[in-house]
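This report asks how one strand is paired with its neighbours and how aromatic rings are arranged in the structure shown below.

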Amino acid sequence: MQEATPKAHPAFQFIRSEAVPSLKLTVEEYEHIATGARHFHLSADNSENVFLVALRTVPQDSTGVAHILEHTALCGSERYPVRDPFFMMTRRSLNTFMNAFTSSDWTAYPFASVNRKDFGNLLEVYLDAVFFSRLDPLDFAQEGHRLEFAEPSDANSELLFKGVVYNEMKGAMSSVTSMLWHTLSKYLHPATTYHFNSGGEPDCIPNLTYEQLVHFYKTHYHPSNAIFMTYGDIPAVEHQTKFEELALSRFQRLDKQVSVPDEQRYYAPVRVEERYPLAEDENSGNKTHVVMAWLLGHSANLETAFTANLVSSVLLDNSACPLLQALETTELGNAPSPLCGLDDSQKELAFVCGLEGCAAKDVDAVEKLILDTLEQIAQNGIPQEDVEAALHQLELHQREIGGDSYPYGLQLIMNALTAATHRGDPVPMLNVDVALNTLRAAIQDPEFIKQQVRKLLLDNPHRVRLSLVPDSAIAARKEQAEKDRLAVIKAGLSDEEKKSIVERAAALLERQGRQDDESILPKVTLQDVPAAEPDLQADNQELPRSKRPLSSYDVGSNGLVYQQVVVEMPQLSERQLAALPYYTSCVSELGVGARSYLEVQRWQARVSGGMSAFSSIRSKVDDIHSTNQFLTFSGKALVRNHEALCELMDATLRDARFDEHGRVRELIAQMRAAREQSVTGSGHGLAMGAATAGLCAAAKLSFEQGGLEGIRRIKALHDDLKDDGKLAEFCETLAGIHQAIRQAPRRYLLVGEAEHQPRLQQNFSRWFDGDNLTSSRTPWDLAPVSESIRQGWLTNSQVNFCAKAYATVPMTHPDAAPLVVLGNVLRNGFLHRAIREQGGAYGGGAGQDNNSAAFRFYSYRDPRMEETLKDFDRAVDWVMTTDLSWQAVEEAILGVISGIDKPDSPAGRAKRMYHGDLHGRTLELRQEFRARLLATRQEDLRRVAAAYLAPEKANIAVISDHSRQDTVAALGLQIRKL
């Protein structure tokens, strides 16, 4: 029986629908008759509904026009002429996701919500913002760039560039990885939009004019250039009714079509060298990045895309793959480049591989290593079981239901968006079973991989080799060039132009301080908030023989099973505790028993979706100076491979080996590289971690293992392990940790679909119910901590990250809930305006961390330091002296509840609930905390601010650039260097 055609709004034409059984959804495609706008609806039985509208945006320079427009479009629209409707809606909503993205060839505005009223509210605001934005020149000055005097009212003071995007991109381009990618793209794409930095190069951003921004908006933000995508259980016709009423009925079809042409091809490989900044006092030896890249073909062509994915997988998926093995084991560099892999986000696919931590003299040798490895593969092929394993990974990735980082429906939409952007067919990008079956047949030919490696890579002349070489003089030259540019501009200003700059600064300040009428925006209220969070109950049993606890969760996991072995952490020596994060990172990457690490990597790829380990040492819910300590081994697999997963995990727990010293050295080098690259993207979290480290033992341990001190320590460790004797000692320490872990008491977690549970539990018992392990352990704890922290950490960064932390109370204390609400009130009412709009930082805020009993302020990619730290104090003064409205408190509570109720993936939710219970954060306790949140009132906020946020009690940490050492020291901070 043929399925009925889905109902469409009269303004839309139904084109087709296609069921995707592996994702349990149906894709429906429609076209808006008048404008040609496409609507793809992913119809699914999921109450978390997702909306996205994307515009094809194809900049022809690096002024950041598309990025600045994304920011400015959200600053007020025809129906909602308030200064900042986007940020206002973040606090008037129960959204599970709200954001806007600028990619290299599209700009997208997505949101998600499980509340239908809220979904409708957000849809009204988003459609008006995208298609009827006001684009106020003052918003362009605030969000994009402007000239302003250091003393805004004094034309004789220093002239500066300011702007949110300007500072955001200064921060982004402080990352060597970002610099590497954008430099590589410049040469890989000589003639198309990808040649440029769509986010904006800081040197180029000030060249963008307001008139150019408006022109770009008029030519790109039109329904004829738009793609609408929705997911969930709201029917397509309901969405289309809103689209038509709120926006589309006012437009006709555009004649012009925005598109990206195919890239002009090179006839021979290109080799280029560029420079990146390094601190003047840092050794430049072995700091060169060498990457090679190829353009392969259209990303919207399913056969091309999946063949390229398979080739990339067999080359780079794990350490047993030949190209990754060559990159990991060579003496030519410290670690594989973070760019290694296949990029499928643009019109044409790009394959990238390379090394970091090379000597400048070895660039040719790195290229030879890569090409010789590829030639060897093209001649000799790859073992058939390794090709099958790569295909297995593609299948597992396709089946897995995500949703832990952002909504599952949005993940699916993003998978389809590139094809839709380039007017290809997005449906096969979701319904990939046909492509998988085609590949499964193709790889039966032993020549297939050989031929593809030769065709796509070795015989492909559109190849770029980029060497990015450190230069300790570049940072100073760039800083001086900016000063010289501003001096020339200032010298050429007439008195009238100076007056205009002063007047604009005053007008912007007045606009930023104005109280808009928020009542014109739709909202939800506390009456729309569920009284309780959704529950998910475990089936708690004991294994028959050992009587060890087994918790099983029945969830819709689409044919996957997830399992964890949770070990009660034994007491470790000080040396072992310091090495614990290296143990958890290495243990699943090493050999097992008689198998080498290469054999184990192949084993994992054949039967599982990967294995990992992590430690969890958290403060108790009622005593911040006492901890719970666990270590978890985690794995996942397709249900058909569950017994093989059990065998793999059991063998790893029993017989992981730590005698492959060279492998351990490689892994530490890779960990160092990844940690060093994390600062510019996670600087605010690292600064907060440093400021919190003096408040409790768990926070200090986190700072030492995963924070700024952890980065400093892994750099020192990596240098030490160049000595074979110290390497052998370190491996003995790791083996000692494993010996203690394997004998400690355990409990188990099993997550899968109800119909598979009996067989899963039977498999589990067979493998894990026979060991004679310790049934109890000797209790231990970390030494209590209470220290004053005033630290300034120096690294390579054009922007700053600032943090303050105050000691407060744990989750069970009655004041914890008002403190959580206070964080949102301070962000919404004061910090967003002071730190972002007026200060020019990309972000800033405050919040209570119940795990460390700390209230923390932060700024992100911030041009300021001292004034930001003062703004943190002014925020406390503001809340103490302001007559807060109930609306401000209600909006803050809504934001907190929205975060608590944010949906996870089915398996992710089960794991989160299990580990919450493990650490004493039970459903009953969370429900008590929720009730306190909902009962918070204005007077509670002033009371807790007065009780805990005395400025003289604050711990302080900032991250800044080496060149600003004197400024940091002048703040009275202890200098630390990363």
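Strand β19 (residues 560-568) pairs with β22 in the antiparallel sense over 6 bridges, and within this pairing Val 565 has Tyr 748 of β22 as its bridge partner. The model is a predicted one. Strand β22 is also joined to β18 (residues 549-554), in this case by 5 bridges and with the two strands running parallel; here Ser 552 stands opposite Leu 750 of β22. How many of the residues of strand β22 are buried? Of the 7 residues in this strand, which spans residues 746-752, 6 are buried, so β22 is largely enclosed by the rest of the structure. In a regular strand, side chains alternate between the two faces of the sheet.

Turning to the aromatic residues, the structure holds 32 aromatic pairs. One of them brings together the rings of Phe 97 and Tyr 406, whose centres are 5.9 Å apart and whose planes meet at 50°, so the pair is tilted. This pair links distant parts of the chain, since Phe 97 belongs to strand β5 (residues 97-98) and Tyr 406 to the loop between α12 (384-399) and α13 (408-421), 309 residues apart. Phe 97 has a relative accessible area of 12% and is buried, being under the 20% cut-off, whereas Tyr 406, at 28% relative accessibility, counts as partly exposed. The rings of Tyr 217 and Tyr 221 also form a tilted pair, with their centres 5.1 Å apart and their planes at 45°. Both partners of this pair count as buried, Tyr 217 at 9% relative accessibility and Tyr 221 at 3%.

The two tilted pairs are set out here.

| Ring pair | Distance between centres | Angle between planes |
|---|---|---|
| Phe 97 and Tyr 406 | 5.9 Å | 50° |
| Tyr 217 and Tyr 221 | 5.1 Å | 45° |

Ring pairs also link a cluster of residues, among them Phe 51, Phe 86, Phe 87, Phe 111, Tyr 126 and Phe 132. The cluster further includes Phe 119, Phe 131, Phe 228, Phe 243 and Phe 251. One of its members, Phe 132, has the charged end of Arg 250 over its ring, at 4.0 Å from the ring centre. A charged end sits over a ring at Trp 603 as well, where that of Arg 595 is 3.9 Å from the ring centre.

Technical notes:
Residues numbered from 1 in each chain as written. Predicted model: local features only at pLDDT ≥ 70, side-chain atom pairs only at ≥ 80, totals over all residues. Heavy atoms only, no water. Buried < 20%, exposed > 50% of the residue type's maximum accessible area, 1.4 Å probe, protein only. Helix = DSSP H or I, 4+ residues; strand = E, 2+ residues; numbered from the N terminus. Pairing = 2+ DSSP bridges. Phe/Tyr/Trp six-rings, centres within 6.5 Å; stacked < 30°, edge-to-face > 60°. Lys NZ or Arg CZ within 6 Å of the ring centre and 35° of its normal.
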